Structure formats: C-alpha cells, structure tokens
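Colleague: I'm new to reading protein models, so could we go through this one together? I'll ask, and you walk me through it.

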Amino acid sequence: MRDVGSLLKQWRGTRRLSQLALAAEAAVSVRHLSFVETGRANPSRAMVLKLAEVLDVPLRERNTLLLSAGFSPEYTESALDAPSLAAVREALETILVQQEPYPALVMDRSWDIRHVNAAARRFFAFIQGEQPEQPPGPPNVLRRLFHPDGVRQHVTNWLEVTEALVRRARREAIGGVLDERAQGILDEVLDYPGVPSHLRVMDATAPILPIVPIRYERDGRRFDYFSTVTTLGTPQDVTLQELRIECFFPMNDETRERARGLAEAAGTDRAAVL
C-alpha cells in the first residue's frame, strides 16, 4: 500500500491545488503539509480526514488514506440489502416507480446495474427480443451498450452515444473516482469487435453536447430517450455514495405513446395470467 503522503499529493494534483491553497483551506501550515507529503511527518487521524474533506476525496478512498496512515477506516460499506439501509431502498424504489412508464435503473460506480424498474425490464426485453446471447458477466451498462450481443445493434446513433459514454467514464476518473474494476470493464468493452479504435484515445476534457439522446429502433418501432443521473445527498456510507440513479425521459410524443403501449401490453399479459 502506498504511503499516505504520496496519496495526498496525488489527490492535491488531481484537484489542481497548490500546497499553499490546500494548507490555507485546511488550516494547517504549508511546512507541515509539505512534511506530510514527503513522509517526514505523520498526520493525525483528524488531519487525514480534514485534508480528505477539503480535497473532496470519495469515501472509499478516504478509508484508503486512513489505512495508509495506520488508522482504521472511518466509513462503512454496507450491503444494499442491509437492514440499516431500508429507508434508502424505499426511496430508490419510490424513484424507480415514479419514473414509470419510462425506464430507470440504479447502478454503482463500476457501472453494474443493481436495480431496474418494470419499465426498464419491459423496454429492454422488447429491444433484445428473442436474442439468446447476453454480454458476459453481471448486468453492466458499458457491456450492454458495447457488446455485439447487447443492445448495440438497435441503437441507431450508437457511435454518438458511445463517444459520450466514454468521455463520461473518463471524466469521472479525472475527477478522482479511480475505480480499477470500472477501468478494467472500459478497457474490455473498447476491445469488443466492431468498436472504433479512436474511442481508445479520445480526449475526455473536450467539450460535449449538453444532452446526447439515445435512439433505439426495432421492428420499425423507434424510441428516443435522454437520461438524467442522480446521486444521494450527503451519504456517509461507501455503498450509498457510489450509487447512481439513471432515469430515461422521452424526447418526443412518439416515444411517450410507445412506452405507454409497452406498459399497457404488459398489464394485459399479467391480467391474463392472474
């Protein structure tokens, strides 16, 4: 494990702060901060937490900083089905249900899909149809979009969407959420057959459009969506901080009507079974 000083220096560089600026905001001397970064001084637990707060370090990495300094972790990482997170699960379920009849999903920072609403199940079942193959591994947003056996063949503006998604993934890394598994999955999907080579060398800092729609089409039926991504406010648990709620909204009346049509068909099917 790397020493805490080099990790703090890395985060300071990521946040583009000078030693003077960080020391001033954290109310420590520049000399002491310099000694900590070079390993000449050992920071206290309180100082590690203060510097991590000023640097806006994610909770998982704050625990890593504490361990590197010889202290126990501060933040728990609860299973999403833990009793202590019951209220959060209820809130997530409320958001997913309220998004009906449009798709919504909950994913973690590795892009694994943790929960979806009924609309997402209906929609992706329709898009993929009787297709027997599925992308490898657990359900994952990146794999689902990039893999030849995912939804790729039904996204009519696939290149535009994947360019935006790659930039988004790399911008999150630039912002400091350094997740080795997410990076591994991104490297994996960029090596899938048919993925353009220029996606591997895209400039993640280049300007992008405010909204990039994703346009699906199957059997002459077209759905045009854009999405919003929401996080939980002021989380004090690693699991909760890393959750992302992605909600899809229709771009036009045609998509609204077809989403309602899928919901009505599913309701009729359920009634027939019951």
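Colleague: Let's start with two helices. Which residues in α3 do Gln 19, Leu 20, Leu 22 and Ala 23 in α2 meet?

Modeller: Keep in mind that this is a predicted model. Helix α2 covers residues 19-26 and helix α3 covers residues 30-38, and their axes come within 9 Å. By class, their contact has five nonpolar, two polar and one charged residues. On the α3 side, the ones to look for are Val 30, Leu 33, Ser 34 and Glu 37.

Colleague: And how are α2 and α3 oriented to each other?

Modeller: α2 passes α3 in a right-handed crossing. Their axes cross at roughly 110 degrees. An angle of 65 to 115 degrees falls in one class, so α2 and α3 are roughly perpendicular.

Colleague: Okay, on to α4 and α5. Is α4 roughly parallel or roughly antiparallel to α5?

Modeller: Helix α4 spans residues 45-54 and helix α5 spans residues 59-68; their axes come within 10 Å and cross at roughly 150 degrees. The cut-off to use here is 145 degrees, and angles over it count as roughly antiparallel. That makes α4, relative to α5, roughly antiparallel.

Colleague: What is the handedness of that crossing, and which residues of α5 make the contact?

Modeller: The crossing of α4 and α5 is right-handed. From α4, the contact uses Arg 45, Val 48, Leu 49, Ala 52 and Glu 53. By class, the contact has five nonpolar, no polar and three charged residues. From α5, the contact residues are Arg 62, Leu 65 and Leu 66.

Colleague: Is Ser 68 buried or exposed?

Modeller: You'll find Ser 68 in helix α5. Leaving aside neighbours within four places in sequence, Ser 68 touches Met 1, Arg 2, Asp 3, Val 4 and Leu 7. Buried means under 20% relative accessible area. Ser 68 has 18%, so the answer is buried.

Colleague: How does Leu 17 count, then?

Modeller: Leu 17 sits in the loop between α1 and α2. Its contacts, leaving aside neighbours within four places in sequence, are Arg 12, Leu 22 and Leu 55. With a relative accessibility of 23%, Leu 17 counts as partly exposed.

Colleague: Leu 17 and Leu 55 are 38 residues apart along the chain, so what separates their C-alpha atoms in the model?

Modeller: Leu 17 and Leu 55 are in contact. Despite the 38 residues along the chain, the distance between their C-alpha atoms is 8.6 Å.

Colleague: How many residues of α7 are buried?

Modeller: Helix α7 runs over residues 118-128 and has eleven residues. Among the buried ones are Phe 123, Phe 124, Phe 126 and Ile 127. Just after α7 comes Gly 129, with a positive phi near 55 degrees. The helix is mostly covered, and its buried count is eight.

Colleague: Stepping back, what share of the chain's residues count as buried?

Modeller: The protein chain has twelve helices and five strands. Its C-alpha atoms fill a box of roughly 70 × 45 × 30 Å along the principal axes. Of its 274 residues, the share that counts as buried is 45%.

Colleague: Last one: over which residues is the pLDDT below 50?

Modeller: The mean pLDDT of the chain is 90, and 92% of its residues reach 70 or more. The stretch you're after has zero contacts in the model beyond near neighbours in sequence. The pLDDT is below 50 over residues 268-274.

Definitions and conventions
Residues numbered from 1 in each chain as written. Predicted model: local features only at pLDDT ≥ 70, side-chain atom pairs only at ≥ 80, totals over all residues. Heavy atoms only, no water. Axes fitted to C-alpha atoms, helices over the stretch in contact; angles between N-to-C directions. Helix = DSSP H or I, 4+ residues; strand = E, 2+ residues; numbered from the N terminus. Parallel < 35°, antiparallel > 145°, perpendicular 65-115°, else oblique. Left-handed = near helix turned anticlockwise from the far one by under 90°. Contact = heavy atoms within 4.5 Å. Nonpolar A, V, L, I, M, F, W, Y, C, P; charged D, E, K, R; others polar. pLDDT = per-residue confidence, 0-100. Buried < 20%, exposed > 50% of the residue type's maximum accessible area, 1.4 Å probe, protein only.
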